[in-house]
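Me: I would like to go through this structure in short questions and answers. Please explain each term when it comes up.

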Amino acid sequence: MISKIKFIIAESFRGFFYAWTPALLSCITIGISLFVITISFFSYFLFITYTDTVTKDYELNVFFNESTSLENAEKSFNEILSLPSIKNGEFINKKKSAKKFKTYFSSNIEDLLGENPLPYSAEFNISQNNRNLDSLLIISENLKKINTVDIVKYDQEILIRFENIINKLMTTFSIIGIAIVVISIILVSNTTRLMIHSKKESINILSLLGATNLFIRVPFLIEGIIQGLFGACMSIVSLYFLKILLEYIFVPLVLVNDYNFQLIILLNLGLGVIFGLIGSKRAVSKYLS
Amino acid sequence: MKNSSNKIIVFDNVSATYKNGVGIFDISFELGKSEFVFLMGPTGSGKSTILRSIYMDVFINKGKILYNGRNLSKIRKRQVPKLRRNIGMIFQDYKLLEDRTVYDNVALPLQIAGQKSNFIKKKVSEMLERVGILDKYNSQPSKLSGGERQRVSIARALVKSPDLILADEPTGNLDPIVADEIIDLLEELSNSVGTAILMSTHNFPLIRPRQKRFIEIDQGKQITHDI
C-alpha cells in the first residue's frame with residue numbers, strides 16, 4: 001500500500017514536471033487569482049471597518065410635539081429606547097436643547113426670543129444590525145407613528161451614499177472574485193486536460209496493465225493540488241513583498257499585522273488547494289470517464 | 001464441451017462485433033494450462049479481437065469465454081483491472097512508457113499491484129536477466145532496438161507471474177531473425193515457468209517449424225476447429 005502511495009505521489013510530480021509549461025501557466029494563474037482575491041478581500045474588510053468607524057454614530061433625532069409634556073416625552077423616549085433596533089439614546093430636555101443652540105449659534109435662545117420654544121427631543125443610536133438604509137427607513141416610519149413624535153431626522157444623504165458605495169463595491173468585488181475563480185478553475189482544468197491528452201497512451205497502457213480508474217485518476221488530482229500549492233506560494237510571496245512595501249510607505253498605518261498575514265497564508269494555501277482540486281477534478285471527470 | 005478444469009481459456013461459440021459489422025463469429029477453442037498456442041490469420045482477420053475479448057477490451061455479444069473456469073461475461077466492469085493483473089500482455093507496438101526507463105516499465109505491473117519496493121527490485125532484476133537485457137535496465141525505451149524493446153515488453157508481462165500471456169503479433173515489427181529469437185524466448189519461458197501463451201501472428205512461415213497447435217482465423221471465422 002505504501003509503495004502504491006509513493007508511486008502515485010511520484011507520478012503526480014512526474015506529471016507536473018513532464019508538462020511544466022502549462023503547469024507553470026496554471027500555477028501563475030492560480031497565484032494571480034489568489035493575489036487579487038486576497039487584496040479584494042482585505043480591501044473590502046478594511047472598507048467595512050472604515051465605514052463602521054464612520055457610521056458608528058448612526059443616529060436618529062426625534063423631535064416631540066411642542067404640546068407634549070415632559071412626562072409624556074420621557075415616557076415616549078423610554079418606549080423608543082426599549083426597541084431592539086435602538087442601541088442607546090439621550091433625552092434632550094429644554095435646558096440641554098438651549099445649550100446645544102448656544103453651541104451651534106453662539107447665542108442664548110432665551111435672550112433672543114424671551115423664552116425657549118425648542119421642543120423636547122432625543123438622540124438615538126441604532127443597533128449594529130440595523131445600520132443600513134432599509135432598517136433606518138422602517139425604524140423612522142415606526143417612530144413617526146407614535147403620537148408624541150413630531151419629526152424624525154437622520155442624515156439620509158450620507159447614509160444613502162455610503163450604502164450605495166458599499167453595495168457597488170460588494171457587487172464589483174463579487175463579480176471580479178467569481179470571474180477570477182472561474183478563470184483559474186478553467187485554466188487548471190485545461191492544463192489537466194492537456195496532460196490527460198498528452199498521456200492518453202500512457203493511461204491506456206496503465207489500464208491494460210490492470211490499473212484501476214482511481215489509480216489512474218489520483219495522480220492527476222494530486223497534480224492539480226500541487227499546482228494550487230505552487231500558485232498559493234507565488235501569491236503569498238507577492239503579498240509579503242506588498243506588505244513590506246505598504247509598511248515602508250505608510251509607516252504609521254500598518255495595514256497588515258503578523259496575525260493577519262498568518263491568516264493570509266492559510267487562506268491562500270486553502271484556496272489554492274481547492275482551486276487546483278476543482279480544476280483537475282473537472283478535467284478528470286470529463287476526460288477520464 | 002470437454003472437461004474445462006485443466007483449461008485456462010475456453011471459447012464457446014463466441015461472437016463479438018464492432019459497429020461496422022466486422023468482428024469474430026462463432027469462435028470455439030480451448031487453451032490448456034501451460035500450453036503455447038498460435039492464433040494464425042491475415043491482418044484484420046479478428047485475431048486481436050479474440051485477444052481483446054479475453055482481457056475485456058472488447059465485449060462479446062454471443063457465447064461465453066471461460067478464464068480459469070470463470071465466465072468473463074459475468075465479470076463486472078470494475079473487476080476488469082483485477083482480471084488484467086493476472087494476464088500478461090505483449091503487443092506488436094510494445095506499448096512501453098517512453099518517458100520511463102526499462103526498469104520502470106517492467107516494475108509498473110508490480111507497482112500497480114501495490115508490491116513492496118524490495119520485492120519489485122528483486123523481481124524486476126530477475127526478469128530482466130531472464131530476458132537478457134539486465135544491462136539495459138537504466139535505458140530509455142527509445143534507445144533500444146526493436147528486439148530489445150519486445151524483450152522489455154515480455155519481461156513486463158512475466159514480472160507479475162501471470163498464468164496466461166496474450167501476445168498480439170509480438171514479432172510484427174521485427175526482422176525474421178529477431179522474431180525467431182523472441183518466439184524462442186516465449187517458448188522457453190512457457191516451458192520453464194509454465195505460463196500458457198496465446199500468440200497471434202500472420203506469419204505462418206515463422207510458426208510452421210515449431211510444431212505447435214494453431215488456430216486459424218479468417219474474416220472473423222475459425223478455419224481450423226478445435227472443439
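Reply: Buried means under 20% relative accessible area, exposed over 50%, and partly exposed in between, with a 1.4 Å probe and protein chains only. This is a predicted model, in which local features need pLDDT of at least 70 and side-chain atom pairs count only at pLDDT 80 or more, while totals for chains, interfaces and linings use all residues. Residues are numbered from 1 along each chain as its sequence is written, chains are lettered from A and ligands numbered from 1 in the order in which they are written, and side-chain values use heavy atoms, without hydrogens and water.

Me: Does B:Phe91 count as buried or exposed?
Reply: The relative accessibility of B:Phe91 is 7%. The cut-off for the lowest class is under 20%. B:Phe91 therefore counts as buried.

Me: Which kind of aromatic pair do B:Tyr55 and B:Phe91 form?
Reply: Rings of Phe, Tyr and Trp (its six-membered ring) pair if their centres lie within 6.5 Å; planes under 30 degrees apart count as stacked, over 60 as edge-to-face and the rest as tilted. Here the centres are 6.4 Å apart and the planes meet at 85°. The pair is edge-to-face.

Me: How many residues apart in sequence are the parts that B:Tyr55 and B:Phe91 tie together?
Reply: Helices (H or I, at least four residues) and strands (E, at least two) are DSSP runs, numbered from the N terminus. B:Tyr55 lies in the loop between α1 (47-54) and β4 of chain B, and B:Phe91 in strand β6, so the pair joins parts whose separation in sequence is 36 residues.

Me: Which residues form the salt bridge between chain B and chain A?
Reply: A salt bridge is a side-chain nitrogen of Lys or Arg within 4 Å of a carboxyl oxygen of Asp or Glu. The rule finds one across this interface. Its N to O distance is 3.7 Å, and the side chains are those of A:Glu201 and B:Lys95.

Me: Which element gives the largest share of the side of chain B that touches chain A?
Reply: The elements that give two or more residues to this side are α2 (80-85), β6 (87-91) and α3 (102-112) of chain B. The largest share is five residues, and the element is α3(B).

Me: Does B:Gln211 count as buried or exposed?
Reply: B:Gln211 lies in the loop between α7 (204-207) and β9 (214-218) of chain B. Its phi is positive, about 55°, although B:Gln211 is not a glycine. At 71% relative accessibility, B:Gln211 counts as exposed.
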